[in-house]
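The following exchange sets computed values against the definitions behind each term. Please consult the sequence and the model as the answers proceed.

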Amino acid sequence: MKTTERRPKQRPRAGEVRLEGQPVSSGVAIGYAAVAHEPAPPPVDMARGDCDPAHERTRLHDAISRSVAQLGRLHDRLALLPEDGQVEIGSLLEVYRRMLGPSRLRRGIEARLEQGMLAEAAVMQETEALAALMLAPPGRPAPQGEDAVAARRRAGEFREIGRRLVRNLSGTPYRSFSALPDGAILVAEQLRPADAALIDPSRIAAVVTEEGGSTGHTAILLRALGIPAVLAAHGLLAQVGRRTRLVVDGATGRVIVRPSSRTAAAARVEVASYARERQMLGRLRRLPARLSSGEVLTLQANLEIPAELPMVAQSGAAGIGLLRSEFLFMNTDTLPDEALQEAIYLPLIEAMAGDPVTIRVVDWGSEKNSDALSRVGIGNGGDANPALAVRGIRLLLQHRALLETQFAAILRAAHAGPVRVLLPMVSLLEELQAAREIYARVGRRLRRRGVKIPDPLPPLGIMIETPAAALMADVLAQEAEFLAIGTNDLTMYTLAADRVATDVAALYDPLHPAVLRLVRMTADAGLRQRRPVSVCGELASDPLAVPLLVGLGVRSFSMHASAVPRVKRAIRAAAMDDCRRMACRALEATDGQEVRAMLAQYAHTLQHPEDG
Ligand code: PEP
Ligand code: MG
């Protein structure tokens with residue numbers, strides 16, 4: 001027998017190795033790996049069909065009670081998490097608790113027990129079946145874009161509760177992170193949200209996992225905790241042993257295993273500069289969004305789901321410039337009625353403490369889809385070109401009860417603070433007029449019933465998302481009390497390039513002069529008609545682009561809360577004359593590349609007052 005035979009088992013190799021994963025939570029860390037393995041539950045006999053249903057039911061109910069108790073203990077820890085982590089995990093725990101209650105999941109598992117299945121097998125099959133249903137709803141196209149992200153999350157929730165039940169059925173313990181050394185980089189095959197909630201961010205330098213994705217609950221929670229994190233770094237576990245040194249860059253997704261002394265020294269410089277940057281962004285929160293030449297702009301936040309609200313407060317945003325109300329219609333089988341909607345808007349408006357909240361009535365159609373709406377026969381009916389079919393205001397005017405309910409709920413909540421109402425996807429004056437008539441009628445009806453609503457009614461504005469709306473902005477602005485430019489859709493419709501299709505991604509360029517000319521027309525129309533104009537598409541969160549938009553005449557921007565500090569930093573360094581000069585050049589440019597190069601060059605010359 002050869003004694004020199006090489007072992008096939010992969011061993012951590014010597015020397016520096018670079019891996020790429022999904023960047024999830026920015027920040028650079030350097031430290032030793034602490035691998036947290038999870039004990040695996042024993043294998044389950046999936047084929048058994050001769051179990052005693054009564055016995056298995058009792059086992060299931062015990063496992064459910066244990067799971068509920070564990071979730072209760074996690075809930076007690078919530079107060080230790082940062083505010084946005086509390087919201088994220090709090091609402092997730094609520095979802096889990098509902099699943100463990102008298103839910104469809106429980107009914108499904110119990111039905112399988114009646115067939116003589118082992119409780120573990122019934123749980124695994126049922127949770128997997130529900131997860132598969134989320135990812136590929138039968139008879140409907142697979143979810144796309146944001147819906148696909150939501151579907152993956154929901155599928156993950158079913159699988160997670162299934163794993164918890166199986167652990168409790170088999171008595172397999174959970175891993176604990178309390179014994180990890182201070183300053184360690186937590187390495188794991190995967191990390192579930194409930195695990196992430198147990199991490200003490202003051203003791204863990206970073207998190208890297210072999211599996212996972214950037215949009216799940218775990219990712220959101222790690223961001224809330226402010227822990228640098230990279231998920232889905234494939235090949236990680238084969239490279240890392242106990243006390244292997246790592247450099248983790250949560251902004252780029254790079255993980256360096258066994259960094260050379262040069263790499264380690266460079267990483268230490270980055271760690272220090274990241275700490276300085278965080279301090280600087282924190283300072284910016286309290287500073288005004290004022291150009292170096294003195295003009296003050298408005299920076300607001302876009303809100304997709306109420307759980308993001310604490311992030312808005314932390315960002316220093318002056319109100320909500322776009323509340324996408326689509327979340328009300330997601331992950332639900334029933335349409336939200338007036339009272340439910342009011343109950344959701346009210347705390348959002350109150351939380352903004354006098355800063356305005358712009359609520360956009362639901363924008364369905366195109367790539368977005370809703371179970372609740374499909375169930376009542378509303379939605380994109382399989383049109384060949386859904387983006388050009390019935391969406392946004394077109395859909396709402398065809399289903400007026402939907403619009404009336406939403407208007408009424410917003411008006412009822414409007415006593416709590418300043419509100420604005422925004423109509424999506426308007427392309428014709430008559431759409432705006434028809435919606436305004438409904439708005440006024442709903443207002444009159446509420447007053448007749450003695451409901452206290454603002455007088456005059458809150459401003460009613462429109463999204464400028466189609467070339468038609470931008471070209472007619474001067475006419476529309478006579479009837480709309482404010483204009484919000486949605487550069488995401490405006491770019492798509494102007495350049496005839498789908499915003500979610502990867503094969504035309506190179507054509508989809510919001511900095512193309514064709515789009516910028518329409519932004520200019522809209523800003524001019526707003527100025528002439530004295531109507532506020534904002535940009536609330538993704539372009540507003542690009543610190544390079546915002547000075548150009550200022551030069552085009554826009555004074556108000558709404559973006560994801562996390563972008564507010566960086567955009568403010570760019571604004572505070574820019575001067576109005578330069579912004580205007582860039583705008584003139586951009587409007588004459590031949591393509592987006594030329595514009596981008598000009599913006600990058602300008603950004604390079606700027607001195608940032610806060611950076612010192
Ligand atoms: C836009 O189109 O730019 C916009 C803000 O709306 P949404 O992204 O929700 O379509
Ligand atoms: Mg849009």
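Q: Why is the sulfur of Cys584 not counted in a bond with that of Cys579?
A: A disulfide is a pair of cysteine sulfur atoms within 2.5 Å. The sulfur of Cys584 lies 11 Å from its closest cysteine sulfur, that of Cys579, and is therefore too far away for a bond. The structure as a whole holds 0 disulfides. Cys536 is likewise in no disulfide, the nearest cysteine sulfur, in Cys579, being 20 Å away.

Q: On what basis are these values given, and how are residues and ligands labelled?
A: This is a predicted model, in which local features need pLDDT of at least 70, side-chain atom pairs count only at pLDDT 80 or more, and totals for chains, interfaces and linings use all residues; side-chain values use heavy atoms, without hydrogens or water. Residues are numbered from 1 along each chain as its sequence is written, while chains are lettered from A and ligands numbered from 1 in the order in which they are written.

Q: Why is Cys584 called partly exposed?
A: Buried means under 20% relative accessible area, exposed over 50%, and partly exposed in between (1.4 Å probe, protein chains only). Cys584 has 47% relative accessibility and therefore counts as partly exposed. Cys536, at 1%, counts as buried.

Q: What makes Glu465 and Asp489 the residues that coordinate the magnesium ion (ligand 2)?
A: Donors are N, O and S atoms within 2.8 Å of the metal (3.2 Å for Na, K and Ca); water is not among the atoms, so sites may look incomplete. Glu465 (OE) and Asp489 (OD) coordinate the ion at 1.9 to 2.0 Å. This pair links distant parts of the chain, 24 residues apart: Glu465 is in the loop between strand S13 (460–464) and helix H16 (467–471), and Asp489 is in helix H18 (residues 487–495). Helices (H or I, at least four residues) and strands (E, at least two) are DSSP runs, numbered from the N terminus.

Q: Why do Glu465 and Asp489 count as buried?
A: Glu465 has 2% relative accessibility and so counts as buried. Asp489, also at 2%, counts as buried.

Q: How do you know that ligand 1 has a polar contact with Arg499?
A: A polar contact is a pair of N or O atoms within 3.5 Å; within protein, one must be able to donate a hydrogen and the other to accept it, and residues adjacent in sequence count only if both atoms are side-chain atoms. An oxygen atom of ligand 1 is 2.8 Å from an N or O atom in the side chain of Arg499.
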